[in-house]
Amino acid sequence: MDRDSDILIVGGGLNGPVLALALAQAGLTSTVIDAQPAQVHRNADFDGRGYALSLTTVRMLTALGLWEAVADRAEPILDIVVSDGRAGEGASPWHLHFDHAEIEEGPMGHVLEDRYLRPVLLDALRAVPGITHLTDETVTAQATSPQTAEVTLASGRTLRGGLLVGCDGRRSGTAERAGIRRTGWGYAQTSLVCAIAHERPHGGAAHQFFMPSGPLAILPLPGNMSSLVWTETTERAAQIMALDDAGYMDELRPRIGAFLGEIALCGKRFAYPLDLTIANSLTGERLALAGDAAHGVHPLAGQGLNLGLRDVAALAEVLVDATRRGEDFGARDVLARYQRWRGVDVTALAVATDGINALFSNDNPLLRPLRDLGLAAVNAVPGLRRGLIREAAGLTGDLPRLLQGVPL
């Protein structure tokens with residue numbers, strides 16, 4: 001049966017293009033259907049949005065030939081400091097400190113701004129044979145059968161492939177049209193995202209400061225700059241976002257404290273309501289989900305993109321290996337391998353982030369000393385600390401080849 005591409009990928013953010021590039025290494029063709037106009041990605045200005053890319057994600061981008069183009073724009077994460085406290089009072093002296101020198105592989109990860117990664121992906125999509133990138137297009141209908149997957153675009157065009165992959169976010173239309181239900185709940189929290197310039201150097205340290213209203217993540221950017229993910233209750237976040245920049249910074253300063261010296265806002269401010277949402281299945285007939293279309297977790301661990309790219313690496317490996325064995329890559333038994341591989345990891349991280357948020361996002365006088373003692377106890381056990389450092393670097397579990405830095 002005629003196909004426009006082997007794989008139809010809905011979603012042109014980050015996961016969809018990376019999947020297309022991974023599949024192209026093994027000769028599988030893809031069509032990436034991107035709702036955004038091309039100029040939106042290419043003309044991205046500084047907006048403070050940064051990704052904490054784990055060590056294994058960096059290995060994957062290297063294996064795909066992407067990292068060299070962005071490496072000099074990325075800031076290595078040399079330390080991670082986890083602490084508990086209240087705004088204006090500073091952090092508890094009992095904290096957890098991860099030092100990258102405790103593992104042999106190098107920095108635990110890098111922080112890279114969105115504005116540098118997206119253009120590199122766009123350039124790669126155009127340069128790699130076998131990838132068609134359709135911009136400013138949306139899917140209005142889809143149908144699958146035991147032999148083929150088909151989508152209808154808003155422009156009226158119909159595309160056919162051997163597999164449909166949804167990389168179209170937490171409100172995935174691909175999953176909804178396939179009848180895949182989701183499990184989850186809201187957090188009554190909103191993350192405020194921005195970037196700051198600061199007087200003192202960050203030293204390559206990332207900070208996770210837990211406050212009763214939610215965590216504050218401070219991620220190091222090149223130079224004396226940092227990207228922030230600042231979580232507040234939804235009601236309070238709306239009030240803060242309504243302030244002018246000066247008022248916004250007046251709210252932020254007591255939460256950060258003085259360790260970075262004077263701080264100033266850089267670029268735009270963003271607000272993202274938080275929820276937990278997990279697709280009840282990662283696969284369907286001639287269909288797979290990856291990234292936020294498969295799962296959306298609390299950002300406190302900074303693992304959202306890394307988790308999505310683990311999906312991409314695993315799915316690409318399953319499809320490529322099946323093709324090389326002469327199997328139908330879109331068959332149910334092939335897709336079941338992806339479901340088994342990723343299902344447990346996704347659920348485990350969702351449960352962990354949900355539990356940590358519930359434990360720390362409160363001011364319970366009984367829990368606070370227990371939390372602080374727990375952080376101090378973990379920090380005092382080198383073996384346990386080292387295991388958590390490897391977890392943060394993405395080095396644990398059954399790693400797909402791409403996450404080991406091995407091309408497909």
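## Aromatic pairs and a nonpolar surface patch

Phe210 counts as buried because its relative accessibility is 3%, a value that falls under the 20% limit for that class. The model is a predicted one, and the structure holds 3 aromatic pairs, two of which are described below together with a nonpolar patch on the surface.

**Phe210 and Phe360**

- The structure holds 3 aromatic pairs, and one of them joins Phe210 and Phe360, which counts as stacked because the ring centres are 4.2 Å apart and the planes meet at 25 degrees, an angle under the 30 degrees that stacking requires.
- This pair links distant parts of the chain, since Phe210 belongs to strand β15 (residues 205-211) and Phe360 to helix α9 (residues 332-360), with the two positions 150 residues apart in sequence.
- Phe360, with a relative accessibility of 7%, also counts as buried.

**Trp230 and Tyr248**

- Trp230 and Tyr248 form an edge-to-face aromatic pair, with 5.3 Å from centre to centre and 65 degrees between the planes.
- Trp230 is in strand β17 (residues 225-233) and Tyr248 in helix α7 (residues 245-256), so this pair ties together parts of the chain that are 18 residues apart in sequence.
- Both Trp230 and Tyr248 are buried.

**Nonpolar surface patch**

- Val381, Leu384 and Leu388 make a nonpolar surface patch of about 220 Å².
- Leu384, one of the residues in this patch, is found in helix α11 (residues 382-392), and its relative accessibility of 43% means that Leu384 counts as partly exposed.

Conventions
Residues numbered from 1 in each chain as written. Predicted model: local features only at pLDDT ≥ 70, side-chain atom pairs only at ≥ 80, totals over all residues. Heavy atoms only, no water. Patch = residues over 30% accessible without salt bridge, like charges linked within 9 Å, V, L, I, M, F, W, Y side chains within 5 Å. Areas by Shrake-Rupley, 256 points an atom, 1.4 Å probe, with all protein chains shown as cover. Salt bridge = Lys/Arg side-chain N within 4 Å of Asp/Glu carboxyl O. Helix = DSSP H or I, 4+ residues; strand = E, 2+ residues; numbered from the N terminus. Buried < 20%, exposed > 50% of the residue type's maximum accessible area, 1.4 Å probe, protein only. Phe/Tyr/Trp six-rings, centres within 6.5 Å; stacked < 30°, edge-to-face > 60°.
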